[in-house]
Amino acid sequence: MPSSSRFSRRMVLQNGALAAGLGLLGAHAAKAQSTPENRFAVLDQIFQKAVQEGKTPGAVAAIGQAGNTVWKGVFGHRALVPQQEPMTWATLFDMASLTKVLITAPAIMQLYERGLVRLDAPVSTYLPAFATNGKQAITVRLLLTHYSGLVPDLDLSTPWHGKEAAVQRVMDARPAHPPGEQFVYSDINFITLGLIVEKLSGLPLDIYATRNILQPLGLSRTFFLPDNALHDSIAPTQYDEQNQMLRGVVHDPTTRRMDGVAGHAGLFSCADDMLTYAHALLARRAGLPSAFPLRPETLVLMSTPQQPAGKSDLRGLGWDIATHYSSPRGEHFPASSFGHTGFTGTSLWLVPEKETFVLILTNRVHPDGKGNVIALRKDIATAAALALQAG
């Protein structure tokens, strides 16, 4: 599965006259004036502006198409405190909620392919203690699409700690809405899915993921619970409740209380591994040779609308398609595209028809949680679509 880069990263805009006329996006000007050599120059400008304005300390990004990586960029700093460190291509990032679609959803779908999980079976089929407090009608599909009716997160107002305490809170959870009625993005949904994977496989989620997803794809720098030896290569996030800078320790507070492994967050990865993952997923989905460990038809199922009938918030099985979280699609990628974001500043958006994707890795929460890359993601996707059209 090829993933060679055809374009080296450009840290300085190559055409000053073009840059002056582009403004923030310069979409139409870029489309009209771009050549194969400079068509991605506007992306550098957008990233540089975001770093200068403090939207994120730095970023690593890439665009893939048809098995090739056609653009790469490295910008700003990996760390600002206690001292500045330049961003590098090899930086490891806390992937946050990308864990849901990179690990937990495909793990569930592997069990589905083996006949061990039925999408429309009640969750209590696999976790009997779940059938309390109005959760009897919640199915696996409703968890995957965030239509379960459960609230967004476990209550953190009391000082509980440990996986068993989290499991008990999941089993005791009470829906805020009737199952199937409303889209509410909920970490509890994917904590529960992770528990199903563990129950049916007999393995901790991180071990299952390593054996059944990461190793088949050859991803050696993607994992839960990073080794201390990797500390310096990991992008720090922000200060925790004890005023300690989180670095190599998961940012998500619920996952931290669960000792670093959960179905909704906890994964760390780097650009090279994410390029391999995205290329493999799109190739496999298209029926091309690929090491991705799911069937093509399963990937189509995951990345097409699976929400309850008549609902306008469109979700695949894990993947976002059209909700208020879909700004990383930009203005020109088609409605059939899909993707996901992570709270720390990570995102991956994929366009199956062209085997295209936009990968953005940032630690926008560093150092004080005030960074914001919502507009950056949209602007980059918009400019990337135009640049690809110009190629």
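This is a short walk through the backbone geometry at a few residues of the structure above. Keep in mind as you go that the model is predicted.

Let's begin with the prolines. If you follow the chain out of β2 (68-79), you enter the loop that leads to β3 (85-86), and Pro 82 sits in this loop. The peptide bond running from Val 81 into Pro 82 is cis, and its omega is near 0°. Now move along to the loop between β10 (356-362) and α12 (374-390), where you will find Pro 367. Here, too, look at the bond that precedes the proline: His 366 and Pro 367 are joined by a cis peptide bond, with omega at about -5°.

Next come two residues to look at for their phi angles. Asn 133 is not a glycine, yet its phi is positive, at about 55°. To locate Asn 133, trace the loop that connects α4 (98-113) with α5 (140-145). How buried or exposed is Asn 133? Its relative accessible area is 28%, so Asn 133 counts as partly exposed, a class that spans the range between the under 20% of buried residues and the over 50% of exposed ones.

The other residue is Asp 259, which you can reach by leaving α9 (253-257) and entering the loop towards β5 (268-269). Asp 259 also has a positive phi without being a glycine, and the value is about 70°. With a relative accessible area of 48%, Asp 259 is partly exposed; the cut-off for calling a residue exposed is over 50%.

Key:
Residues are numbered from 1 along each chain as its sequence is written. This is a predicted model: local features need pLDDT of at least 70, side-chain atom pairs count only at pLDDT 80 or more; totals for chains, interfaces and linings use all residues. Side-chain values use heavy atoms; hydrogens and water are left out. Helices (H or I, at least four residues) and strands (E, at least two) are DSSP runs, numbered from the N terminus. Buried means under 20% relative accessible area, exposed over 50%, partly exposed in between (1.4 Å probe, protein chains only).
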